[in-house]
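Student: I have a structure open and would like to talk through it. Could we begin with a single residue and work outwards?

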Amino acid sequence: LEQQQYGSRTGAFGGSVLGQKISAGDGVHEGYWEPSGTTALKYADRDGIRWDDGNKWVKLSKPEDVITFPSTYVWKDSKSPTKDVGAAAGSFVAYAWIGISFLAGAKEIVVRLKDSADKQ
């Protein structure tokens, strides 16, 4: 989904590898090489770079793999089509309340206009 939304990134950045430590030299991309099966963290089943912020860039066997995710992947974006039931129910109640309030206000305007016309 992210690749479809933002496209593929091309290019590279310099860095250094000191033993297991990997650094891009920018103070942000700091991490280490994490072989598969060495941790219980997310994407532990894949070789890749585990950054200090917890993200992991994994080694792909072919370029097409970039648009696939493990079955354990959980989408946490608020724009996700699979919002939880509570969020969907909350949205429904909020929109229903707004709609009912709008209709009640419109009805009151009609009543006042009618009363005003009757008094004249």
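Tutor: Let us begin with Ser 23, which lies in strand 2, residues 21-23. Please keep in mind throughout that this is a predicted model.

Student: Is Ser 23 buried or exposed?

Tutor: Ser 23 is buried, because its relative accessible area is 16%, and the cut-off for buried is under 20%.

Student: Which residues does Ser 23 touch, leaving out those up to four places away in sequence?

Tutor: Ser 23 touches Gly 15, Ser 16, His 29 and Glu 30 on that count. With Glu 30 there is also a polar contact, side chain to side chain, at 2.8 Å.

Student: Moving outwards, what does strand 2 pair with on the strand 3 side, and in which sense, parallel or antiparallel?

Tutor: Strand 2 and strand 3, residues 30-34, run antiparallel and are joined by three bridges. One of the bridge pairs is Lys 21 with Tyr 32 in strand 3.

Student: And how many bridges link strand 3 to strand 4?

Tutor: Four bridges link strand 3 to strand 4, residues 48-51, again in an antiparallel arrangement. Glu 34 stands opposite Gly 48 of strand 4.

Student: What about strand 4 and strand 5?

Tutor: Strand 4 and strand 5 are antiparallel as well, with three bridges between them. Arg 50 has Lys 56 in strand 5 as its bridge partner. The two strands form a hairpin with four residues between them.

Student: Which residue in that turn has a positive phi?

Tutor: That residue is Gly 54, with a phi of about 100°.

Student: So what is the strand order of the whole sheet?

Tutor: The sheet is open, its five strands follow the order 1-2-3-4-5, and the pairing is antiparallel. Strand 1 (16-18) and strand 5 (56-58) are the edge strands, each pairing on one side only. On average, neighbouring strands are turned by 25° against each other, with direction ignored.

Student: What holds strands together in general?

Tutor: Strands of a sheet pair through backbone hydrogen bonds.

Student: Changing topic, how many aromatic pairs are found in the whole structure?

Tutor: The search of the whole structure finds one. Trp 51 and Trp 57 form this pair, edge-to-face, with 4.9 Å from centre to centre and 75° between the planes.

Student: Why is Trp 51 counted as buried?

Tutor: Trp 51 counts as buried because its relative accessibility is 6%. Trp 57, with a relative accessible area of 36%, is partly exposed.

Student: How much of the chain is buried overall?

Tutor: Of the 120 residues in the protein chain, 12% count as buried. As for contacts with a separation of 6 or more, 16% are between residues 24 or more positions apart.

Student: What is the order of elements along the chain?

Tutor: From the N terminus, the order is α-β-β-β-β-β-α. That comes to two helices and five strands.

Student: Last point: where is the confidence lowest, and where is it highest?

Tutor: The lowest confidence is in helix 1, residues 2-6, with a mean pLDDT of 60, and the highest is in helix 2, residues 85-119, at 90. The chain averages a pLDDT of 77, and 68% of the residues score at least 70.

Student: How should low pLDDT affect the reading of coordinates?

Tutor: Where pLDDT is low, the predicted coordinates should not be read in detail.

Note on methods
Residues are numbered from 1 along each chain as its sequence is written. This is a predicted model: local features need pLDDT of at least 70, side-chain atom pairs count only at pLDDT 80 or more; totals for chains, interfaces and linings use all residues. Side-chain values use heavy atoms; hydrogens and water are left out. pLDDT is the predictor's confidence in each residue, from 0 to 100. Buried means under 20% relative accessible area, exposed over 50%, partly exposed in between (1.4 Å probe, protein chains only). A polar contact is a pair of N or O atoms within 3.5 Å; within protein, one must be able to donate a hydrogen and the other to accept it, and residues adjacent in sequence count only if both atoms are side-chain atoms. Contact means heavy atoms within 4.5 Å. Rings of Phe, Tyr and Trp (its six-membered ring) pair if their centres lie within 6.5 Å; planes under 30 degrees apart count as stacked, over 60 as edge-to-face and the rest as tilted. Two strands pair if DSSP finds at least two bridges between them. Axes are lines fitted to C-alpha atoms, for helices over the stretch in contact, and angles run from 0 to 180 degrees between N-to-C directions.
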